[in-house]
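Student: I am new to this model and would like a close look at a single part, followed by its surroundings. Please start with one residue and work outwards.

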Amino acid sequence: MKIATWNVNSINARLDNALAWFSEAKPDVACLQELKCEDKAFPAQAFEDLGYHCLVHGQKTYNGVAILSRAMPEDVRRGLPGEDEDGQARYLEAVFPGKSGIVRVASIYLPNGNPLGTDKFTYKLRWMDRLHAHARALLKLEEPLVLAGDYNVIPSARDARNPEAWLGDALFSAEARAKFRTLLNLGLTDAIRQVHGDEPDLYTFWDYQAGAFKRNHGIRIDHLLLSPQAADRLKSARIDRDTRAQDHPSDHVPVMIELT
DNA sequence: ATGACATATGAGATATGA
């Protein structure tokens with residue numbers, strides 16, 4: 001079972017790239033972030049024609065997450081618990097049947113949090129606390145669970161080509177990194193690191209500006225975190241770096257795992 | 001030091017991203 005995550009930076013601007021990638025990569029479940037459209041503007045028909053069910057939690061202009069799947073989603077949750085007045089569409093979760101049993105999958109778009117010292121940063125930290133609480137509750141189910149998405153956190157210096165360039169940025173702040181670590185310490189496995197170990201230059205985002213991709217000035221901020229029951233079934237994990245070299249790319253690339 | 005680049009909105013310039 002192939003499970004992917006990809007921040008597309010507007011699904012409508014990225015439709016041709018996305019359809020090409022789905023046809024080639026053939027994920028069974030794909031979590032998308034930064035749709036930048038409301039539910040009704042999501043190009044569902046194009047993906048249905050490829051054989052996917054579209055579960056969409058959209059929002060006008062900003063944010064928006066989706067899960068596209070071969071199988072019908074069940075037990076759907078829209079929004080992260082813990083803050084009723086949170087109107088930002090950043091969390092979507094559902095259960096999917098597979099050949100080896102069910103997998104619960106979440107599509108996560110964790111707040112950026114820049115600049116430091118603002119409401120945006122405190123919102124990011126609060127959101128991470130809420131994610132921690134929800135992950136802890138989900139882990140009690142003892143199910144195969146994949147928390148996939150754009151975490152907007154560079155976990156450690158080896159996850160950036162130029163870590164010094166990210167000092168003072170919310171993505172590499174000590175607070176955000178510490179909260180990401182406490183999430184992992186619930187017993188979750190970072191799929192890319194589990195498969196690729198200390199291999200250098202594992203990046204999922206390159207800025208559009210200043211020739212960042214050409215200079216490989218990348219960072220690893222898109223992650224798939226696995227419960228023990230999912231980690232037991234982890235077969236492979238890869239970053240589809242080539243999509244960043246295509247015409248009209250997203251600034252993020254897809255990350256995909258295969259579970260047995 | 002600044003802006004670089006891309007996207008949505010909406011019709012020019014601003015907000016957001018990372």
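Student: Does His-132 count as buried or exposed, and at what relative accessibility?

Tutor: His-132 counts as buried, at 17% relative accessibility. Buried means under 20% relative accessible area, exposed means over 50%, and partly exposed lies in between, with a 1.4 Å probe and protein chains only. The structure is a predicted model, in which local features need pLDDT of at least 70 and side-chain atom pairs count only at pLDDT 80 or more, while totals for chains, interfaces and linings use all residues. Residues are numbered from 1 along each chain as its sequence is written, chains are lettered from A and ligands numbered from 1 in the order in which they are written, and side-chain values use heavy atoms, with hydrogens and water left out.

His-132 belongs to helix H3 (residues 119-139). Helices (H or I, at least four residues) and strands (E, at least two) are DSSP runs, numbered from the N terminus. Apart from neighbours within four places in sequence, His-132 is in contact with Thr-182, Leu-183 and Leu-186. Contact means heavy atoms within 4.5 Å.

A second buried residue is Asn-216, whose relative accessible area is 12%. Asn-216 is found in the loop between strand S10 (205-206) and strand S11 (218-219). With neighbours within four places in sequence left aside, the contacts of Asn-216 are Arg-161, Asp-201, Tyr-203, Trp-206 and Arg-241. Between the C-alpha atoms of Asn-216 and Glu-38, which are 178 residues apart along the chain, the separation is 33 Å.

Next comes a sheet. Six strands form an open sheet with mixed pairing, in the order S5-S6-S7-S8-S12-S9. Strand S5 (74-78) and strand S9 (189-190) are at its edges; each has a single partner strand, so one side of each is left without a neighbour in the sheet. Two strands pair if DSSP finds at least two bridges between them. Strands of a sheet pair through backbone hydrogen bonds, either parallel or antiparallel.

From the S5 edge, S5 and S6 pair in the antiparallel sense over three bridges, and Arg-78 stands opposite Leu-92 in S6. Strand S6 (residues 91-98) is mostly covered, with six of its eight residues buried. S6 and S7 are also antiparallel, joined over eight bridges, and they form a hairpin with two residues between them. Gly-98 has Gly-101 in S7 as its bridge partner. Strand S7 (residues 101-109) and strand S8 (residues 145-150), by contrast, run parallel and are joined by six bridges; Arg-104 is paired there with Leu-145 in S8.

Another part to look at is helix H1 (residues 15-25), where the buried residues are Leu-15, Asn-17, Ala-18, Trp-21, Phe-22 and Ala-25. These residues cover an arc of only 160° around the axis, which puts them on the same side of H1. The arc is that of the directions from the helix axis to the C-beta atoms. Asp-16 and Glu-24, on the other side of H1, are exposed. The buried residues of H1 are covered by elements including strand S1 (2-7), helix H2 (44-48), strand S13 (234-239) and strand S14 (255-259). After H1 comes Lys-26, with a positive phi near 50°.

S14 has four of its five residues buried. S14 runs antiparallel to S1, with four bridges between them, and Thr-5 stands opposite Val-255 in S14. S13 and S14 are likewise antiparallel, over five bridges, with Ala-237 opposite Ile-257 in S14.

Last is the DNA. Around DNA strand B there are 25 residues, of which Ser-10, Glu-34, Asn-112, Leu-171 and Gln-209 come nearest. A residue is near a molecule or strand if one of its heavy atoms lies within 4 Å of it. The nearby surface divides into seven nonpolar, 10 polar and eight charged residues. Ala, Val, Leu, Ile, Met, Phe, Trp, Tyr, Cys and Pro count as nonpolar, Asp, Glu, Lys and Arg as charged, and the others, Gly among them, as polar. Of the atoms of DNA strand B within 4 Å of the protein, 75% belong to sugar or phosphate, and the rest to bases. An N or O atom in the side chain of Arg-14 is 3.0 Å from a phosphate oxygen of DNA strand B. For Asn-152, a polar side-chain atom lies 3.0 Å from a phosphate oxygen of DNA strand B; for His-248, the distance from a polar side-chain atom to a phosphate oxygen of that strand is 3.5 Å.

Methods:
Polar contact = N/O pair within 3.5 Å; in protein donor to acceptor, adjacent residues only side chain to side chain.
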